[in-house]
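Please read the following account alongside the sequence and the three-dimensional view. It proceeds from aromatic rings to charges over rings, then to helix packing, and ends with the backbone.

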Amino acid sequence: MNDPIFTGKLVRLSIFDMDNDPPRLAQWNRNTEYQRLLDSDPAYLWGPKGIGEWFSKEENQNLFVIRALEEDKPIGFVGLDGFNWVAGDAWVGIGIGEPEYWGRGYGTEAMKLVLGYGFRELNLHRVSLCVFEYNQRGYKSYLKAGFVEEGREREWIKRDGRHWDMVYMGILRTEWEALCSEV
Amino acid sequence: MNTTPLFDGKLIRLTYIDLDSDPKIESTWSYDLDYVRGVREGQPPRLLWPQGIKELREKQVKEAGENRLRAYFAIRSQQDDQLVGFFHVPYINTNHNGRLDLFFGSAQWEEQFGYEALTIGLRYVFDELNLYRVNVVIAEYAASSIRRVIRLGFKQEVRRREVIFARGRYWDQLRFGLLESEWRLPVKE
């Protein structure tokens, strides 16, 4: 039986497809905006083989491929890592590699699905994320999903000759439960 | 060029980690679980066996030798050469950010040596590692550490709510930052 926790109205969270997904992810990495929103490390071009190996590591198997329900098309990835099982904290990372799905609620829904998984199935107490100051689309999406800003590390990342802050956000179980009861 | 000693203060000095003798001493410090929560952030706190610490420190020293954008040193008292703590810079990224960790074997040593160790550590990260900014991460219950970093000019930037569990309850984690440009200004005492 498919657990409905992995399926929303726009997207579903799926298992990484080792044959078909790595070339697609390699293609996403050619998009400058995608890479610069995703990672503070210098943009890099990994081959499909390296991407497949990275996803195969045990610690990365909490990652999902986000598929738009129409045509079941892979549009990005999302996942939890850096688990602290004592305090019940985990970090979430998300990237939408298909630009036509930016700003349309697909990422926000994928984030909500992951939060449901983290709180209902993994018994997390909170979920954490970091977002660069210049990623306003991401920041707004995380607010919609229920995250609260917890501060900013000043001038954390240098892009195009200026420094930008690193914004920390978090959502507590109690805040997530309050959002769920509103619906 | 400034040739005043990088590693020597009046009270303490930074040295290499002695992989034969230091892990045995560090092991005894693990009865203080706050110490363990510091050195094994995010992992379940437990008593640390000498062999386990030795393997971890060996790995770190090896990594620092292969990639000089990190540093692991011991802190020893000038008076009697006793091991009192550790100084770690566990990572630096391409944005010239790094993290500085100071761990002391007792609250008394931290009180006695913390300020000078932090002063020496900041010179190392800004003038040797050439960082643009540095951050320190402190649990909200560590009041004296918080006072010390504020005294040295750090600004509290982030409060990660309820991300630490200790002594039967949740606590916040505070993250403080200091820019190189701020560090170069004279400290207001």
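Two rings of Phe, Tyr or Trp, the last represented by its six-membered ring, are treated as a pair if their centres lie within 6.5 Å; planes over 60 degrees apart make the pair edge-to-face. By this criterion, a search of the whole structure, which is a predicted model, yields 27 aromatic pairs over all chains.

One of these is the pair of A:Phe64 and A:Tyr117, whose ring centres are 5.5 Å apart and whose planes meet at 85°, an edge-to-face arrangement. The two residues belong to distant parts of the chain: A:Phe64 lies in strand β2 (residues 63-68) of chain A, while A:Tyr117 lies in helix α4 (residues 106-121) of chain A, 53 residues apart. Both A:Phe64 and A:Tyr117 are buried.

Chain B offers another example. The centres of the B:Phe7 and B:Phe73 rings are 5.6 Å apart, and because their planes stand at 70°, this pair is edge-to-face. B:Phe7 is located in the segment before β1 (12-15) of chain B and B:Phe73 in strand β2 (residues 71-77) of chain B; the pair therefore ties together parts that are 66 residues apart in sequence. The two partners may also be described by their accessibility. B:Phe7 has a relative accessible area of 31% and is partly exposed, whereas B:Phe73, at 17%, is buried. Elsewhere in chain B, a single aromatic cluster is formed by B:Trp29, B:Tyr35, B:Phe86, B:Phe103 and B:Trp109.

The segment that holds B:Phe7 deserves further attention. B:Leu6 is also found in the segment before β1 of chain B. In sequence, B:Leu6 and B:Glu128 are separated by 122 residues, yet their C-alpha atoms are 8.9 Å apart in space. When residues up to four places away in sequence are not counted, B:Leu6 touches B:Ile120, B:Arg123 and B:Glu128.

Aromatic rings in chain B also meet charged side chains. B:Arg167 is placed over the face of B:Tyr141, at 4.5 Å from the ring centre. Likewise, B:Arg169 has its charged end over the ring of B:Trp171, 3.6 Å from the centre of that ring.

How do the helices α1 and α3 of chain B cross? The axes of helix α1 (residues 22-29) and helix α3 (residues 50-66) of chain B come within 8 Å and cross at roughly 120°. The two helices, α1(B) and α3(B), are therefore oblique to each other. The crossing in which α1(B) passes α3(B) is right-handed. On the side of α1(B), the residues that meet the other helix are B:Pro23, B:Lys24, B:Glu26 and B:Ser27; their counterparts in α3(B) are B:Pro50, B:Ile53, B:Lys54 and B:Arg57.

Finally, the backbone of chain A may be considered. Which value does phi take at A:Asn123? A:Asn123 has a positive phi of about 60°, although it is not a glycine. This residue, A:Asn123, lies in the loop between α4 and β5 (126-132) of chain A. With a relative accessible area of 59%, A:Asn123 is exposed. A:Glu155, again a residue other than glycine, has a positive phi near 50°. Its setting is strand β6 (residues 148-159) of chain A. A:Glu155 is partly exposed, its relative accessible area being 26%.

Definitions and conventions: Residues are numbered from 1 along each chain as its sequence is written. Chains are lettered from A and ligands numbered from 1 in the order in which they are written. This is a predicted model: local features need pLDDT of at least 70, side-chain atom pairs count only at pLDDT 80 or more; totals for chains, interfaces and linings use all residues. Side-chain values use heavy atoms; hydrogens and water are left out. Rings of Phe, Tyr and Trp (its six-membered ring) pair if their centres lie within 6.5 Å; planes under 30 degrees apart count as stacked, over 60 as edge-to-face and the rest as tilted. Helices (H or I, at least four residues) and strands (E, at least two) are DSSP runs, numbered from the N terminus. Buried means under 20% relative accessible area, exposed over 50%, partly exposed in between (1.4 Å probe, protein chains only). A charge sits over a ring if NZ of Lys or CZ of Arg is within 6 Å of the ring centre and within 35 degrees of the ring normal. Axes are lines fitted to C-alpha atoms, for helices over the stretch in contact, and angles run from 0 to 180 degrees between N-to-C directions. Angles under 35 degrees count as roughly parallel, over 145 as roughly antiparallel, 65 to 115 as roughly perpendicular and the rest as oblique. A crossing is left-handed if the near helix is turned anticlockwise from the far one by less than a right angle, and right-handed if clockwise. Contact means heavy atoms within 4.5 Å.
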